[in-house]
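Let's take a walk through a protein together, starting with one small spot and working outwards. Have a look at the sequence and the fold first.

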Amino acid sequence: MADVTSRTDVQPAAGPGRSRRRRRPWRIALISLGSLLALVLVVAAGAYTYVNHLVSSIPRVKVAALAAVTANSGQTFLFTANPYGPTGLNGQTTSSPNYSKLFMLLHIDANGKAGGAVTIPGDTIVNVPGHGAQPLWEALKIGGPSLAVETITRATGVPVNHYARIDFNHVASLMNTIGGVNVTIPKTTKAFGETFHAGVNHLTGVTAVYYARASSLSDVGRTLRQEVLVRAVLAKIGDEHLLTNPVIMVSVLKAITSALTVDSNMTNSEVVSLARQLGSLTGSAATFVTAATHTVHGQLVLNPAIDNQLWTAIKQDDIKGFAAKYPSTVTPQTVS
């Protein structure tokens with residue numbers, strides 16, 4: 001009996017040991033899961049820090065006359081382009097224009113899922129505050145972004161919330177990062193030794209810059225090409241989710257930030273928010289139109305009968321509806 005009792009005393013003691021051994025794999029799994037979660041958090045924090053560093057590197061300029069963003073309203077950005085040529089040389093050389101006439105109001109609807117871009121021809125005669133009737137591009141030349149914003153706000157009644165300038169000399173790196181874009185040209189042309197064939201052309205690197213800055217084009221033609229290029233880039237970023245794909249997002253954002261200058265009121269979080277919104281704007285969600293103009297006494301002026309409806313459409317988040325009503329204002333995708 002003593003032997004039996006002894007065995008009985010030993011057997012219960014083995015139970016907890018087996019139980020501890022059975023629980024040990026779960027303990028290891030939980031520790032591994034915790035370690036993995038910690039690693040993910042560290043990587044995420046590092047990515048956030050790097051993105052914040054990229055955004056902080058964007059040059060800022062002081063711009064007056066900007067309107068504050070209000071709750072439940074869309075945002076409007078005035079985009080212009082830098083006055084430098086395709087090789088980085090000062091635009092005052094004979095090989096390239098000494099200014100850009102790109103004036104684009106990029107509007108993002110309040111829901112952040114749709115919007116459009118409205119180009120106002122730079123040669124349009126408008127009232128430049130303090131300088132009278134002048135071509136729109138003169139406002140930028142005379143008083144920089146602040147006077148350009150004030151001029152456009154007075155001419156359109158559209159509040160401009162932020163300002164951004166595109167440096168086309170850095171577009172090459174952006175093109176290479178996103179894999180280039182396709183544009184259609186009606187006839188074979190040349191620019192800076194590069195031949196663009198009639199039909200679809202795939203632009204990468206510096207060829208995109210040559211396309212956008214061809215000195216042989218008229219100012220109107222050059223502005224149209226720049227708008228087509230901007231539209232193609234935005235469409236590709238949105239359609240292929242390049243700013244929402246964590247694998248490529250950082251490299252695309254880096255290329256974008258290198259080509260931008262923004263107003264000093266724009267915080268890092270606002271820049272990141274804009275990037276996310278642009279990343280969700282697919283080609284079908286963005287509408288590109290050009291303000292209606294006509295010639296009066298030999299000068300190009302806005303057509304208030306149509307444009308007043310356009311300005312209202314911007315403020316009411318309905319550029320798409322305006323374009324459907326006035327299809328002739330939709331910017332063509334094929335330009336010379």
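Before we start, one term: a residue is called buried when its relative accessible area is under 20%. What you're looking at is a predicted model, by the way.

Let's try that term out on a glycine. Gly205 sits in the loop between β11 (199-203) and α4 (206-213). Is Gly205 buried or exposed? Its relative accessible area is 7%, so Gly205 is buried. Who keeps it company? Leaving aside neighbours within four places in sequence, Gly205 is in contact with Ala172, Met175 and Asn176. Ser173 is 32 residues away from Gly205 in sequence, yet their C-alpha atoms are 6.0 Å apart in space.

Now hop over to strand β13 (residues 286-290), where you'll find Thr287. Thr287 counts as buried too, because its relative accessibility is 11%. If you skip residues up to four places away in sequence, Thr287 touches Gly115, Gly116, Ala117, Ile319, Lys320 and Ala323.

Time to zoom out. The protein chain has nine helices and 15 strands. Of its 336 residues, 46% count as buried. Contacts across long stretches of sequence show up here as well: among contacts with a separation of 6 or more, 66% are between residues 24 or more positions apart. As for the outside, the accessible surface is about 16,800 Å², and 58% of that belongs to carbon and sulfur atoms.

What about the inside? In soluble globular proteins, nonpolar side chains tend to be buried together. In this model, the largest nonpolar core has 54 residues, and Phe79, Phe168, Val171, Val181, Leu203, Tyr211 and Leu229 touch the most other members. Helix α5 (residues 219-239) gives the most to this core, with seven residues. Pick out Tyr211 for a closer look: apart from neighbours within four places in sequence, Tyr211 is in contact with Val183, Ile185, Phe196, Leu203, Arg225, Val228, Leu229 and Val335. There's also a second, separate core of 33 residues, including Val126, Tyr163, Ile306 and Phe322.

Last stop: helix α2 (residues 136-156). With 21 residues, a straight helix would reach 30 Å at 1.5 Å a residue, but the end C-alpha atoms of α2 are only 12 Å apart. Where does α2 bend? Look at Gly143, shortly before the proline Pro145: a kink of about 140 degrees lies there. Just after α2 comes Gly157, with a positive phi of about 80 degrees.

How values were computed: Residues numbered from 1 in each chain as written. Predicted model: local features only at pLDDT ≥ 70, side-chain atom pairs only at ≥ 80, totals over all residues. Heavy atoms only, no water. Core = buried A, V, L, I, M, F, W, Y, C linked by side-chain atoms within 4.5 Å. Buried < 20%, exposed > 50% of the residue type's maximum accessible area, 1.4 Å probe, protein only. Helix = DSSP H or I, 4+ residues; strand = E, 2+ residues; numbered from the N terminus. Contact = heavy atoms within 4.5 Å. Areas by Shrake-Rupley, 256 points an atom, 1.4 Å probe, with all protein chains shown as cover. Expected span 1.5 Å × (residues − 1). Bend = angle between axes of the 7 residues up to and from the residue.
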